[in-house]
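Here are some worked exercises to try with the model open beside you. Take each task on your own before reading the solution.

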Amino acid sequence: MLRWNGYGEESITYPLSESARVYFSQILGSAKHPADIQRESLNIPPPHSFSNSHPLLQYEDETRLRHALGQSFPDLAAKRFGKITRFPDAVAFPESNQDISDLLIWARAVGAQVIPFGGGTSVVGGVNPAKLETDDRPVLTISLARLNDLRNLDETSHLATFGAGTLGPYVEAQLRAYGFTLGHYPQSFEHSSLGGWIAARSSGQQSLGYGRIESLFAGGTIETPSGRITLPALPASAAGPDLRHLILGSEGRLGIISEATVRVSPLPETESFYGVMFPDWSIGIDATRQAVQSGVQLSMMRLSNPTETETFLHMPAHQNQVEMLRTLLKWRDFNSEKCLMLFGITGSRRMAKSARRIMAELTRQHQGLWLTELIGSQWAKTRFRSAYLRDTLWEHGYAIDTLETAVSWNMVHEASHVILQALTEAVSPVLPMVHLSHFYRDGASLYFTFLFRVGATLEETMDCWCALKEAGSNAVLSVGGTITHQHGVGVDHLPYLASEKGELGIQILKNVQKFLDPSGMMNPGKLI
Ligand SMILES: Cc1cc2nc3c(=O)[nH]c(=O)nc-3n(C[C@H](O)[C@H](O)[C@H](O)COP(=O)(O)OP(=O)(O)OC[C@H]3O[C@@H](n4cnc5c(N)ncnc54)[C@H](O)[C@@H]3O)c2cc1C
């Protein structure tokens, strides 16, 4: 059973070690867990009734509650304080592309707004009904959960077609049965869907090896209020602008992706993850840049700044091994500026051997220390579990959220400094940190995590969050970064979009949206 007021399965938790608890309380002060509202005391108003009904609609409170919000920090706070402002009036569960098309025709006829819902892991307010004050049309959420099958696998061309609602584990399980993988692993992998990855332009933890979703998405079918768009899966084309790029990142504004064809890879012969410590942030950045630009075949890389490295070292429950590591690092003259790099090598044994050799040489050239394989394998083991930490921290009275951008290499150092500074000054006490985690020949993504104390009320908590989000986002724009590298625009990043796209760019998007959705019924208030 999924948590109604948090992330993931109720049966799974990520306990906070004693060492981490002490570390956070030293920096943020001791905190109190605010009383969560219980499910039974939650007031769910009756649904607005539609002028006529449709057989695929469900109206139960439980279903409406579970589709009312996504997984952004404001969503979590609203659930925990029991202040959910709007619920969908009905949720539909189509079973075919035709069902979706019929539902859109029905929704238009009854004047409903429509929200496509994949896994509901949006962290930018992407699946939330528009505020009643701005749009009082009844809300129909369309869940893609039943479109979860592998529809075709072309083993010669390495192309697989899935229903768009297929969640990460089912994408992989169905491909693995034939010896293939998609290799797309966002941290939310277990609960997010293929259609959601495309619609939110997601990036998986192993994007360095497998590519972002835009390079994996080869084509598909999109049901729009103006009709069906079919994008053929072609290896390449010079036939004008690529319409796939209108669908990628469209966040449910243009229509509903009902099926998608993706580029898959044969399962790798071998995969391992490693850890290296570098003396400081500048040297670490230089090492990651050289690794990427040298073309060494890595499937993932992540470089934590000194604060994130220290936080990482406080997380394990058993600190004996960490103590041994600290002794070794001291002996090798690593001080509090040290930065942890994790990287993965995925592929043939021969390629892996060569990549390890190149990385060992790069480590040596940058005065790094190659750590025990335990660090890398531990990361791999907990890569999807760490998503549960947010609920654990909340239960200890601490709030945690993230902010992400991408800049070119010449700006990475400055951007990290400017954005961390802005977060530090926005709220006190706060614990901001950063890592680089997606890499390109010309730049990298910066992923900021910040912790602060949960307030006694929703308003107090949100005041802190808003101050941090605004300061961080303005700092992102001030260094010329994108307002989002992987989470999408939704509601939270909307105020910052025009400065990235320009007024003409926004007009182009508005006109496309108006053409495909003349009544503006698709996911209003998001993206555009
Ligand atoms: C703990 C956690 C970790 C995360 N880690 C990552 C990460 O590593 N990388 C990353 O990129 N993101 C990450 N995210 C963000 C989120 O998982 C991604 O944005 C993901 O792509 C959303 O997929 P979903 O299926 O949950 O989509 P949803 O949340 O259901 O929807 C996202 C948006 O897409 C629209 N949409 C969904 N399905 C369709 C469809 N079939 N057709 C049209 N529109 C649709 C929705 O209306 C909404 O606007 C994380 C989120 C959480 C909570």
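**Exercise 1. A salt bridge between distant parts**

Is Arg80 buried or exposed, going by its relative accessible area?

*Solution.* A word on the ground rules comes before the steps. This is a predicted model, in which local features need pLDDT of at least 70 and side-chain atom pairs count only at pLDDT 80 or more, while totals for chains, interfaces and linings use all residues. Residues are numbered from 1 along each chain as its sequence is written, and side-chain values use heavy atoms, with hydrogens and water left out.

Step 1. Arg80 has a relative accessible area of 2% and is buried. Buried means under 20% relative accessible area, exposed over 50%, and partly exposed in between, with a 1.4 Å probe and protein chains only.

Step 2. Look for the partner of Arg80: a salt bridge joins Arg80 to Asp391, with the closest N and O atoms 2.8 Å apart. The term stands for a side-chain nitrogen of Lys or Arg within 4 Å of a carboxyl oxygen of Asp or Glu.

Step 3. Place both residues in the fold. Asp391 belongs to helix 15 (residues 389–395) and Arg80 to helix 3 (residues 73–80), so the pair ties together parts that are 311 residues apart in sequence. Helices (H or I, at least four residues) and strands (E, at least two) are DSSP runs, numbered from the N terminus.

Step 4. Check the other end: Asp391 is buried too, at a relative accessible area of 3%.

Step 5. Widen the view: salt bridges that share partners join Asp36, Arg80, Asp391 and Glu395 into one network.

**Exercise 2. Salt bridges within a helix**

Which residue forms a salt bridge with Arg21, and how many residues apart are the two in helix 1?

*Solution.* Step 1. The partner of Arg21 is Glu18, with 2.8 Å between the closest N and O atoms.

Step 2. Arg21 and Glu18 are 3 residues apart in helix 1 (residues 18–28), which means a separation of about one helical turn. Arg21 is partly exposed, with a relative accessible area of 33%.

Step 3. Now try helix 2 (residues 61–66), which holds both Glu62 and Arg66, 4 residues apart or about one turn of the helix. Their side chains meet in a salt bridge of 2.8 Å, N to O. Glu62 is partly exposed at 29% relative accessibility, and Arg66 is partly exposed at 24%.

Step 4. For the overall tally, the structure holds 25 salt bridges.

**Exercise 3. Aromatic pairs**

How many aromatic pairs does a search of the whole structure find?

*Solution.* Step 1. The search finds 17 aromatic pairs. Rings of Phe, Tyr and Trp (its six-membered ring) pair if their centres lie within 6.5 Å; planes under 30 degrees apart count as stacked, over 60 as edge-to-face and the rest as tilted.

Step 2. Classify Phe24 and Tyr398: their ring centres are 6.3 Å apart and their planes stand at 55 degrees, so the pair is tilted. Phe24 sits in helix 1 and Tyr398 in strand 16 (residues 398–408), 374 residues apart. Both Phe24 and Tyr398 are buried.

Step 3. Classify Phe81 and Trp394: with centres 5.9 Å apart and planes at 80 degrees, the pair is edge-to-face. Phe81 lies in the loop between helix 3 and strand 2 (90–92) and Trp394 in helix 15, so this pair ties together parts that are 313 residues apart in sequence. Phe81 and Trp394 are both buried.

Step 4. Phe81 and Trp394 also belong to one aromatic cluster with Phe73, Phe450, Phe452 and Trp465.

**Exercise 4. Around the ligand**

Which element gives the largest share of the shell around the ligand?

*Solution.* Step 1. Start with polar backbone atoms facing ligand oxygen atoms. A backbone N or O atom lies 2.7 Å from a ligand oxygen in Pro116 and 3.1 Å in Gly126, and for Gln187 the distance is 2.9 Å.

Step 2. Taken alone, the ligand exposes 960 Å², of which the protein buries 96%. Such areas come from the Shrake-Rupley method with a 1.4 Å probe; for residues, only the protein chains shown count as cover.

Step 3. Strand 3 (113–117), helix 6 (194–200) and strand 10 (256–263) are the elements that give two or more residues to the shell. Helix 6 gives the largest share, 5 residues.

Note on methods. Polar contact = N/O pair within 3.5 Å; in protein donor to acceptor, adjacent residues only side chain to side chain.
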